[in-house]
Amino acid sequence: MPHYDIVIIGTGSGNSILDQRFADRKVAIVEKGVFGGTCLNVGCIPTKMFVHPADLAATPPAAARLGVDETLDGVRWRDIRDRIFGRIDAIASGGREYRIEHDDNANVTVYEGQGRFTGHKELTVELADGTETITADRFVLAAGGRAVAPDVPGLAETDFHTSDTIMRIEELPRRLVILGSGFIAAEFAHVFSAFGVDVTLIARSGAMLRAEDEDVSRRYTELAAQRIDLRLNRTTTRARNTETGVELHLEGPGGGETVEGDLLLVATGRRSNADLLDVEATGVAVTRSGHVEVDEYQRTAVDGIYALGDISSPSELKHVANHEARVVQHNLLHDLGVEDSPVAADHRFVPHAVFGSPQIASVGLTERDAAAQGVEYVTATQDYGGIAYGWAMEDESHFAKLLADPSTGRLLGAHIIGPQAPTLIQPLIQAMSFDLDARSMARGQYWIHPAMPELIENALLNLPLD
């Protein structure tokens, strides 16, 4: 039974841990799928590579309002798809080749297959030609998560796509039905509708992106309903294949109805892969949400076993996984006597973005959060249309919203819906991370006029602070 100093399960952010400081250690890497993890292969990178051409395809209506007449002459789906995956697949295969063949990894053994814990610090890997059981002093659980489908009668027997497969289809459908109303559903609704597909989106609740600030969610829902067939407050009661595609049976405010499409995208969420690893067999605890339970040092309940990324983080964000990978790397080196003291992960202000249409970015508390936690706050909103660059865009729909502590002026939350929201929010994340109050941030620096960051300057100045 081969024994290792370290076993890393998963080649997303976990693959970034090894460097020359581990060269004298015997290491194994276990990967059940494609090297690079969710973000590279089926997540944030390819989706944003689709979003950018979708943004370009969606410009004619906005341009016409400004006196520029444009037409969308066509969308070459296969060219777009092949450009994206021609780059991504090469990176994934190159990462695999590097770990298996390069001299830098002479101390690394790669096992390609599904691993499951079969005892204390004992992992059995299902390989193409059998199984092998390995043990280790230290494990890093970085096996990510996977798309899941709801328990809808007939859905399991229906041909449907998830975010893992929809980006590689051969042709654009004429009609696409999306089941779900979160960020994955929002982004794909934007991509396919911009490319000329008739999109119907089915939401159980009365709004899209319910986890966002209520004002942001409400505005996004209003704008989405202008571009796609948005069915809110619907329960999906049955799914089935038809001769031309798929059909969903729904119950809604007006009673029963059916929706048909050429393709069905199920975008109702993801779950941790902790269950696939049988982590409890090695003594690792799992939360009620199914994530591996870790402390602030990314340690599990078992000495020497760490976890990072989607398998343990409810945030399920690549920038969180990358941060946690750096923490785990440092703490492994501490265990090995290379670093003096362990470091804790910093999850105080975790931002996120939705690259739909419009874009959304958020960090910190929403008003709903603040009320639930009994936190005192004041709030301010600044419309894009109230700044000079917003005049240039004739923007009438988008805004930034801030929450702050009324006694200290410290920012508690920031929420932006509109063009370049994920970029505009960064100075607010910086202010929260480094404890800069709103007044000092607004008055203590120059803001370029007439640039988009004036949206942030004015929102800060609008806060009713003493």
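This is a short walk through two cavities, one helix and one strand residue in the structure above.

Okay, hi everyone. One thing up front: this is a predicted model, and every value I mention is computed from it.

Let's start with the empty space. Rolling a probe the size of a water molecule over the atoms shows where such space is left. How many cavities of 30 Å³ or more do we get? Two. The largest has a volume of about 70 Å³, and the second largest comes in at about 30 Å³.

So what's around the largest one? Its lining is A186, A189, H190, S193, M208, Y220, A224, R227, I228 and S357. Two elements give two or more residues each to that lining, namely α5, residues 183-194, and α6, residues 214-225. The largest share is from α5, with four residues. If you care about chemistry, the lining of the largest cavity splits into six nonpolar, three polar and one charged.

Now the second largest cavity. Lining that one we have A147, V148, S163, I184, V266, A267, T268, G269 and R270. Here the split is five nonpolar, three polar and one charged.

Next up, helix α8, residues 318-335. Quick sanity check on its geometry: with 18 residues at 1.5 Å a residue, α8 should span 26 Å, and its end C-alpha atoms sit 25 Å apart, so the two agree.

Which residues of α8 are buried? The list runs V320, A321, E324, A325, V327, V328, Q329, H330, N331, L332 and L333. As a reminder, an α-helix has 3.6 residues a turn, so residues three or four places apart point the same way. Among the things covering the buried residues of α8 are β6, residues 130-141, and β16, residues 305-307. And right after the helix, α8 is followed by G337, which has a positive phi, near 85°.

Last stop, E112. You'll find E112 in strand β3, residues 108-112. Buried, exposed or partly exposed? Its relative accessibility is 35%, so E112 counts as partly exposed.

And what does E112 touch, if we skip neighbours within four places in sequence? The contacts are E31, R96, I100, E126 and L127. With R96 there's also a polar contact, side chain to side chain, at 2.7 Å. One more distance for you: V34 is 78 residues from E112 in sequence, yet their C-alpha atoms are 9.2 Å apart in space.

That's my tour, thanks for listening.

Methods:
Residues are numbered from 1 along each chain as its sequence is written. This is a predicted model: local features need pLDDT of at least 70, side-chain atom pairs count only at pLDDT 80 or more; totals for chains, interfaces and linings use all residues. Side-chain values use heavy atoms; hydrogens and water are left out. On a 1 Å grid over the protein atoms alone, a cavity is a set of points where a 1.4 Å probe fits but cannot get out, and a pocket is an open set with protein on both sides within 12 Å along at least five of seven lines; lining residues have an atom within 4 Å of a point. Grid points are joined across faces, edges and corners, and a volume is the space filled by probe spheres set on the points. Ala, Val, Leu, Ile, Met, Phe, Trp, Tyr, Cys and Pro count as nonpolar, Asp, Glu, Lys and Arg as charged, and the others, Gly among them, as polar. The expected span of a helix is 1.5 Å times one less than its number of residues. Buried means under 20% relative accessible area, exposed over 50%, partly exposed in between (1.4 Å probe, protein chains only). Contact means heavy atoms within 4.5 Å. A polar contact is a pair of N or O atoms within 3.5 Å; within protein, one must be able to donate a hydrogen and the other to accept it, and residues adjacent in sequence count only if both atoms are side-chain atoms.
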